[in-house]
Amino acid sequence: IAFTSRKRGLVGDSVLSFTLVFPNGTVAETEGGRSALRSALSAGGGSTLGVVWALRLRLWPAPEGGHGVGVVRLGWKGRVPMSMLPLAAAAMDANVAATDDDEGWSLNLVVGREYVVWHHFHEGSAEESRASGSRRGVFGRLANFTRAALATGASLAVPRSWCGGGASRAR
């Protein structure tokens with residue numbers, strides 16, 4: 001899943017060809033079309049067949065006018081408290097609904113054993129991204145979830161700048 005999945009599809013949809021090395025040393029390349037091998041590799045079965053040695057990908061132009069990227073990582077020592085999962089799901093559902101009419105938004109929520117990571121991506125200038133996120137309530141819901149997570153003992157890694165990069169530093 002990529003930041004532009006909502007607009008361009010999954011990353012796998014942009015694969016033009018695979019080069020696969022089978023355990024016996026035979027090399028095969030899928031080229032266009034839908035072969036059984038390409039379908040198996042696209043479905044995630046590549047590791048059971050051999051080693052995917054190379055991919056050829058379709059490239060997409062960079063968004064005009066820039067983009068805004070937000071990454072917030074919340075970590076717990078031990079496991080993410082079960083009470084946080086419905087809150088994360090509800091905040092994500094509300095954010096997806098709030099941005100449903102704008103293909104420029106892409107929202108990802110990743111839940112691991114000890115962390116929750118939010119990715120927000122918007123095609124547009126930094127100002128457009130901030131205005132759209134604020135107007136749609138995206139940042140308010142994220143802030144509310146973050147406050148609830150911190151109350152349960154989570155630590156926070158925040159972006160240095162919401163727009164233009166996702167570099168994080170621990171606090």
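I take buried to mean under 20% relative accessible area. With that in hand, I looked at strand E6, residues 115–123, and found it mostly covered, with seven of its nine residues buried. I should jot down early that this is a predicted model.

**Entry: the whole chain**

I stepped back for an overview. The chain has six helices and eight strands. Reading from the N terminus, I get the order α-β-β-α-α-β-β-α-β-β-α-α-β-β. Of the 171 residues in the chain, 36% are buried. I also looked up how far apart in sequence the contacting residues sit. Among contacts with a separation of 6 or more, 66% are between residues 24 or more positions apart. The accessible surface adds up to about 9800 Å², and carbon and sulfur atoms own 57% of that.

**Entry: back to E6 and its partner**

Which strand does E6 pair with over seven bridges? I found strand E5, residues 105–111, running antiparallel to E6. For one facing pair, I noted Leu-109, which stands opposite Trp-118 in E6. The link from E5 to E6 is a hairpin, and three residues make the connection.

**Entry: a sheet of three strands**

Next I went to the sheet that holds E1. It is an open sheet of three strands, ordered E2-E1-E3, with antiparallel pairing. Strands E2 (27–29) and E3 (51–57) are at the edges with a single partner strand each, so one side of each has no neighbour in the sheet. From one strand to the next, the twist averages 15 degrees.

I then followed E1 through its two pairings. E1 covers residues 15–21 and is joined to E3 by six bridges, antiparallel. Here I saw Val-15 opposite Leu-57 in E3. With E2, E1 pairs over three bridges, again in the antiparallel sense. Leu-20 has Ala-28 in E2 as its bridge partner. E1 and E2 make a hairpin with five residues between them, and Gly-25 in that turn has a positive phi of about 95 degrees.

Is E1 enclosed or open to the outside? Five of its seven residues are buried, so I call E1 largely enclosed by the rest of the structure.

**Entry: Leu-49**

I picked Leu-49 next, which lies in helix H3, residues 46–49. Its relative accessible area is 28%, so I file Leu-49 as partly exposed. Which residues does Leu-49 touch, once those up to four places away in sequence are set aside? My list has Leu-20, Phe-22, Pro-23, Leu-37, Ala-40 and Leu-41. I also checked Leu-49 against Val-21: they are 28 residues apart in sequence, and 8.4 Å separates their C-alpha atoms.

**Entry: a nonpolar patch**

On the surface I came across a nonpolar patch made of Val-11, Val-52, Leu-55, Leu-57 and Leu-59. Together these residues have about 460 Å² of accessible area. I looked at one member more carefully. Leu-59 sits in the loop between E3 and strand E4 (67–75). With a relative accessible area of 74%, Leu-59 is exposed.

**Entry: Arg-136 and its salt bridges**

I kept the charged residues for last. Side chains of opposite charge can pair when their charged atoms come close. How many salt bridges are there? I count two salt bridges.

In one of them, the side chains of Arg-136 and Asp-101 meet at 2.7 Å, N to O. This pair links distant parts of the chain, 35 residues apart: Arg-136 is in the loop between H5 and H6, and Asp-101 is in the loop between helix H4 (84–98) and E5. Asp-101 is exposed, at 64% relative accessibility. Arg-136 has 18%, and the cut-off for buried is under 20%, so Arg-136 counts as buried.

Another salt bridge has Asp-102 and Arg-136 meeting at 3.7 Å, N to O. Asp-102 lies in the loop between H4 and E5, so this pair ties together parts that are 34 residues apart in sequence. Both Asp-102 and Arg-136 are buried. I drew Asp-101, Asp-102 and Arg-136 as a network of salt bridges.

Last check: where exactly is Arg-136? Its loop runs between helix H5 (126–135) and helix H6 (138–151). Leaving aside neighbours within four places in sequence, Arg-136 is in contact with Ala-98, Thr-99, Asp-101, Asp-102, Trp-105 and Arg-141.

Note on methods:
Residues are numbered from 1 along each chain as its sequence is written. This is a predicted model: local features need pLDDT of at least 70, side-chain atom pairs count only at pLDDT 80 or more; totals for chains, interfaces and linings use all residues. Side-chain values use heavy atoms; hydrogens and water are left out. Two strands pair if DSSP finds at least two bridges between them. Helices (H or I, at least four residues) and strands (E, at least two) are DSSP runs, numbered from the N terminus. Axes are lines fitted to C-alpha atoms, for helices over the stretch in contact, and angles run from 0 to 180 degrees between N-to-C directions. Patches are made of residues with over 30% relative accessible area and no salt bridge: like charges are joined within 9 Å, nonpolar side chains (Val, Leu, Ile, Met, Phe, Trp, Tyr) within 5 Å. Accessible areas come from the Shrake-Rupley method with a 1.4 Å probe; for residues, only the protein chains shown count as cover. A salt bridge is a side-chain nitrogen of Lys or Arg within 4 Å of a carboxyl oxygen of Asp or Glu. Buried means under 20% relative accessible area, exposed over 50%, partly exposed in between (1.4 Å probe, protein chains only). Contact means heavy atoms within 4.5 Å.
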